[in-house]
Amino acid sequence: MLSRVIGSNSGRKLRASIRVRLDQGRVESVVSERQTLQAQAYAVIASGFGGSQILGPPILKVDTQDRTVAVNPSTKSTIETWTEGAPLHLLPDDVQIANEVSVEVRSKGIYSVPVYISKVVMTGVFKPETMSTLLLSNADVHVFPTRAVFLLPLSGVKYLRALTRFEVDGQSLRATSAEVAGFAALSAPIDLTSRSQSNSLQFRLEFEIAGSESLHFLPLGSHTMVTARVAWPHPDFDGAFLPISHELKPQGYSAQWDVLELNRAYPQVWRGSSITNDALLATAFGVRLFQPSNIYTQNYRAVRYGILFVAITFACFFAWEHLVRGLRLHPMQYLLVGLALATFYLLLLALSEHIGFAFSYAVAAAALVALITTYIAGAAGNRLAALGIGAALATTYGILYAILLSEDYALLFGSLLLFVILAALMVATRRLDWSKVGREN
């Protein structure tokens, strides 16, 4: 019985639908390939402009020596030696970081990616009580205030566009490249010998840095306050902390973060490498240049839902020709209609790379509906029925577009649509004797 069905007209229509499904899979692979090319273009632009940037408040590092005592077994005398020890690190107390982020779109071929230049103003203070803990020597550890270093963590030092102020305690310091806790950094030596126990160490840093994709901050202060004004219409906050407030404006958005020492898992003072790069990164927070209209994501979702619509269209055609007397479609006609349905997604992908997704969808859907309506009118010799099919297809693709736009409710709307179409199909064919369909020539 199965071989008779597979060899019948219905079996050939089944094979035609399988062939269309394979073509649909090829379209999906094309979308993935173009998405990979887009990612490569993004990487090229990011590597030239700066990529994701991470910055944090300055860190004071001071060299130390450790005391060791050895006993001479023959004379029983002790020999005291001092060797180079692990440096001490001190984080600031109150920190304010203000950012003005201007955004522009750079292109490579047909691919575009937003990049930014952030103007940063960073102010803060090392309080006397915390400074005293850093500079205090004891019998086993000797601290060298003359060998202190002022370090500014900055992941993309080479993408620094301008360093207009690097001022510590009212003095302008000359910065060089260095490293701290696994981060690239700006470094400047500073002599802390004459520091009074009643005086704080204040700093003011102003610079511009280029980047793309994201801008993140490290909450290294005992109290870190960050404000950012980003000239980009799509806010996207991520990382360990969300902003305490944000405001969306026509020219962009602004946000403010407020992080305390108690909110993180590392102390204000540490020695050596006890605080790792991963520990600091785990507390980073900031913004991303979110692009909501990623054409490849939309195309991929359209293809996924398109598989459902191709299957439903074939099922409706199959039921339609068995419900309407005198109407029969050849398997070749099924194949041609199916190929047209699959070509819609390829046309949508090609057009959306140049004229945007919404307009491309309208053009591709209109072309497909007009093509299938004209073809069925000639193949079936029934213009009224063909117009009905065209109207149904136009409605279907309109609904598909609404589903693609409603990301949060796409599954709900898609499931409801599938249920309604299947229910209508089952009601329409409830009196059809399917056992006779497989034996038709």
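Two strands count as paired here if DSSP finds at least two bridges between them, and strands themselves are DSSP runs (E, at least two residues), just as helices are H or I runs of at least four, all numbered from the N terminus. The model is predicted, so local features need pLDDT of at least 70 and side-chain atom pairs pLDDT 80 or more, while totals for chains, interfaces and linings use all residues. Residues are numbered from 1 along each chain as its sequence is written, and side-chain values use heavy atoms, with hydrogens and water left out.

**View A. Strands β12 and β18 side by side.** β12 (residues 214–217) runs antiparallel to β18 (residues 285–288), with four bridges between them. One bridge to look for: F217 is partnered with F285 in β18.

**View B. The open sheet around that pair.** Zoom out a little and you get four strands in the order β1-β12-β18-β14, with mixed pairing. At the edges sit β1 (53–55) and β14 (237–239), each paired on one side only. Ignoring direction, neighbouring strands are turned by 25 degrees against each other on average, using axes fitted as lines to C-alpha atoms.

**View C. Rings that meet across the strands.** The structure holds nine aromatic pairs, meaning Phe, Tyr or Trp rings (for Trp, the six-membered one) with centres within 6.5 Å; planes under 30 degrees apart are stacked, over 60 edge-to-face, and the rest tilted. F217 and F285 make a tilted one, 6.0 Å centre to centre with 45 degrees between the planes. Their strands, β12 and β18, put the two residues 68 apart in the chain. Both F217 and F285 are buried, i.e. under 20% relative accessible area with a 1.4 Å probe and protein chains only (exposed is over 50%, partly exposed in between).

F237 and W257 go edge-to-face instead: 6.0 Å between centres, 80 degrees between planes. Because F237 belongs to β14 and W257 to β16 (residues 252–260), this pair ties together parts 20 residues apart in sequence. F237 counts as buried at 18% relative accessibility, and W257 is buried at 0%. Ring pairs join F217, F237, F241, Y253, W257 and F285 into a cluster.

**View D. Where α6 ends and α7 begins.** I355 is part of helix α6 (residues 331–355) and, at 39% relative accessibility, is partly exposed. F357 belongs to helix α7 (residues 357–380), and at 6% F357 is buried. Measuring C-alpha to C-alpha, F357 is 7.8 Å from Q298, though 59 residues separate them in sequence.

Technical notes. Axes are lines fitted to C-alpha atoms, for helices over the stretch in contact, and angles run from 0 to 180 degrees between N-to-C directions.
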